[in-house]
Amino acid sequence: MSWRIGVDIGGTFIDFCALESGSGRVETIKVLTTPDAPGRELLAGLDLLNERHAVAPEEIISFVHGTTVGINTIIQRKGSRLGLVTTAGFEDVIELARLRMPEMYSLFCTRPEQLIPRDRVFGVGGRVLSDGSVAEPLDREALEDAVSKLRARGVDGVIVSFLHAYRNPVHETEARALIAGLAPELFVFTTSEVWPVIREYERTTTAILNGYVHPRVCGYLEALEEALASRGVPAGPMLTKSNGGVMNAATGKRACVNMLLSGTASGVIGAAYLAEQAGAKNILTLDIGGTSADLALIIEGQPQFGTGEVVGDFPLYVPSVSVTSIGAGGGSIAWADAFGVLKVGPESAGSTPGPACYGRGGTRATVTDAMATCGLLGHTALAYDQIGMRRDLAEKVVGEVAALLGRSAEATAEAIIAIAVSEMFVEVNKLVARYGVDLRDFALMPFGGAGPMLGCFLARELGIPRVLVPRRPGVVSALGGLIADVKGDFIQSLFAAAEPASLPQLRAALARLKQDGLAWIREDQRFAGPVVESLSADMRYHGQSFEIEVPLSEGWLAEGDLAAIRAAFHRQHLAIYDFNDEAAEVQIVNLRLVVTGATPRPELAPASEAVDEAAIPARSITVWLDGAEREVALFHREALRCGQHFSGPAVVAQEDTTICIPAGFEAEVDAFLNLHLILREGA
């Protein structure tokens with residue numbers, strides 16, 4: 001017997017999804033995280049899997065791990081203390097950014113506080129030109145002085161970002177070696193090693209994010225490796241990446257930025273797989289854990305990818321599944337500001353102490369406490385019997401907030417829920433505007449521990465007519481890790497005209513990318529199976545400020561068919577902007593290569609029999625819902641069978657989450673035991 005294990009670690013729970021290779025049997029569990037002792041929760045989970053489902057550690061042949069450690073570090077601003085060394089005259093690169101406000105039409109919008117304050121940014125002399133030639137040598141004395149001042153300011157690490165390092169990294173390489181000699185206690189990252197792409201702000205902020213999360217991610221991965229070795233697990237850990245693929249832990253310790261959206265990206269990959277089974281092509285995913293809510297679109301069965309995704313308050317420029325994350329999770333803390341206005345998040349109670357209703361010492365009201373106060377939680381043990389709900393403690397902390405507002409505990413709890421939903425509503429509208437889709441053509445798929453609690457409320461506000469809740473929504477991200485492919489992204493900035501004179505440069509760049517990609521997947525990742533290479537280019541019309549990604553065929557470069565390359569760009573430009581100019585000069589700014597090694601997908605068997613009957617509730621419960629106390633039906637998820645149906649309002653309790661269904665929704669169970677919730681027209 002052999003097992004493949006997918007694991008996703010959030011701010012509150014660690015989720016396990018175990019697939020038995022021979023039979024296709026799937027087993028799942030949840031365990032509370034232990035931030036003060038990373039790795040301990042992993043051991044507890046492995047022990048629990050062995051105890052409950054006979055998953056012996058020595059029989060684990062694959063271990064894929066996704067985590068929100070990186071993104072939670074940024075959202076909560078608990079990362080490392082960094083310094084920045086840049087080219088003299090460019091010390092304000094991260095402050096200036098792109099001279100755009102996050103919300104240009106808001107009178108109250110402010111720029112986010114940078115992860116590196118201005119007093120820890122130093123410019124040094126030396127200049128590499130845009131063609132890669134060295135005009136001035138690196139000023140080593142100025143660099144030594146900057147390092148001395150940064151050490152005096154107590155930094156943990158240094159980011160080196162020099163002008164045009166994407167073209168020639170010689171000065172960054174020299175600076176890294178000098179800093180390592182002067183201050184060996186500091187870690188150093190250069191922009192050319194993190195993501196060597198044109199545009200100083202994009203390169204710099206991506207490298208800063210990499211360094212900001214590095215100590216916590218690296219420490220976590222080391223604890224993970226030690227934990228697996230201590231239990232005799234033969235499989236080396238693989239990590240899910242922001243691009244929806246996986247890489248090994250050794251790579252992840254340096255390439256931390258590639259796993260910032262690790263858990264969120266694998267959640268989208270898992271959701272796409274489950275949506276395909278359920279026959280749904282267009283999905284808005286809603287992944288809510290203890291700390292954050294993550295939103296993404298699946299269009300025609302395909303997750304959307306891109307660069308510039310916002311992580312906390314900052315854009316991430318490495319390729320990633322297009323996910324928008326905000327600090328609104330089940331553990332997000334509710335509080336009243338100095339003006340008596342109720343706020344929710346971004347601070348989270350995490351797993352230690354966690355929401356007050358967990359009975360683990362939490363003393364501040366959270367979204368989960370609000371749900372418990374409304375009577376929507378606490379009717380069964382949660383998280384596979386890891387938690388017994390304490391409604392009395394939830395009512396106490398929510399009551400304290402209510403006293404500040406002069407409202408009842410129930411009204412305050414419902415207001416907390418409404419604020420959390422409204423924050424998600426705003427982010428969904430931004431996502432929809434970016435892709436130009438009509439949400440009436442989509443289904444909402446809520447997952448994660450808190451997604452199904454809030455999913456119907458958000459769908460109702462957005463006018464989404466259908467909610468699709470998977471059989472095991474709490475472990476969708478862990479499932480996504482199980483089915484994710486080994487995948488690496490490689491890029492080279494060129495600025496070449498799509499003309500015959502550029503062919504030697506384009507072919508040479510492609511050869512380098514293919515060499516780097518093959519070395520990465522074969523030597524670094526030890527993948528021995530078939531490899532698929534996907535080529536694309538970032539292209540634009542001459543004079544445009546930004547470019548679009550265009551899929552290319554390698555044969556076009558080999559045969560010198562630049563007309564085909566230009567035609568592909570014109571088609572893509574027309575599709576996106578409803579305009580093109582086939583007479584204009586076309587530029588290739590970046591050449592991209594994605595190398596992929598496929599992972600086998602599990603085959604989940606549908607139910608052999610179906611019934612056409614109303615589901616019988618376990619009992620009736622009293623809840624506070626939509627401004628009044630109501631009697632609603634309580635169903636147990638494990639008792640629901642294919643073909644059964646019922647109407648809201650209702651609550652469905654299961655081992656990994658609770659599904660809250662307001663009035664107006666009709667529920668049906670499909671062959672894979674997914675729950676389809678249809679919003680009646682006019683409800």
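This note looks at two elements of a predicted model, helix 4 and strand 25.

1. Helix 4 covers residues 140-152, and its 13 residues reach 18 Å from the first C-alpha to the last, which is close to the 18 Å expected at 1.5 Å a residue.

2. The buried residues of helix 4 are Leu 143, Ala 146, Val 147 and Leu 150. They lie on the same side of helix 4, because they cover an arc of only 100° around the axis. As background, an α-helix has 3.6 residues a turn, so residues three or four places apart point the same way.

3. What do the buried residues of helix 4 pack against? Their partners are three strands, namely strand 5 (82-87), strand 6 (121-124) and strand 9 (157-161), together with helix 5 (170-182). On the face turned away from this buried side, helix 4 carries the exposed residues Glu 141 and Ala 152.

4. Both ends of helix 4 deserve a look. At its start, a side-chain oxygen of Asp 139 reaches to within 3.3 Å of the backbone nitrogen of Glu 141, a residue that is exposed on the face turned away from the buried side. Just after helix 4, Gly 154 takes a positive phi of about 75°.

5. Elsewhere in the chain numbering, strand 25 (residues 486-497) is mostly covered, with 10 of its 12 residues buried. Strand 25 runs antiparallel to strand 28 (residues 586-597), and 10 bridges join the two; within this pairing, Ala 496 has Ile 588 of strand 28 as its bridge partner.

Definitions and conventions
Residues are numbered from 1 along each chain as its sequence is written. This is a predicted model: local features need pLDDT of at least 70, side-chain atom pairs count only at pLDDT 80 or more; totals for chains, interfaces and linings use all residues. Side-chain values use heavy atoms; hydrogens and water are left out. Buried means under 20% relative accessible area, exposed over 50%, partly exposed in between (1.4 Å probe, protein chains only). Helices (H or I, at least four residues) and strands (E, at least two) are DSSP runs, numbered from the N terminus. Two strands pair if DSSP finds at least two bridges between them. The expected span of a helix is 1.5 Å times one less than its number of residues. The arc is that of the directions from the helix axis to the C-beta atoms. Contact means heavy atoms within 4.5 Å. A polar contact is a pair of N or O atoms within 3.5 Å; within protein, one must be able to donate a hydrogen and the other to accept it, and residues adjacent in sequence count only if both atoms are side-chain atoms.
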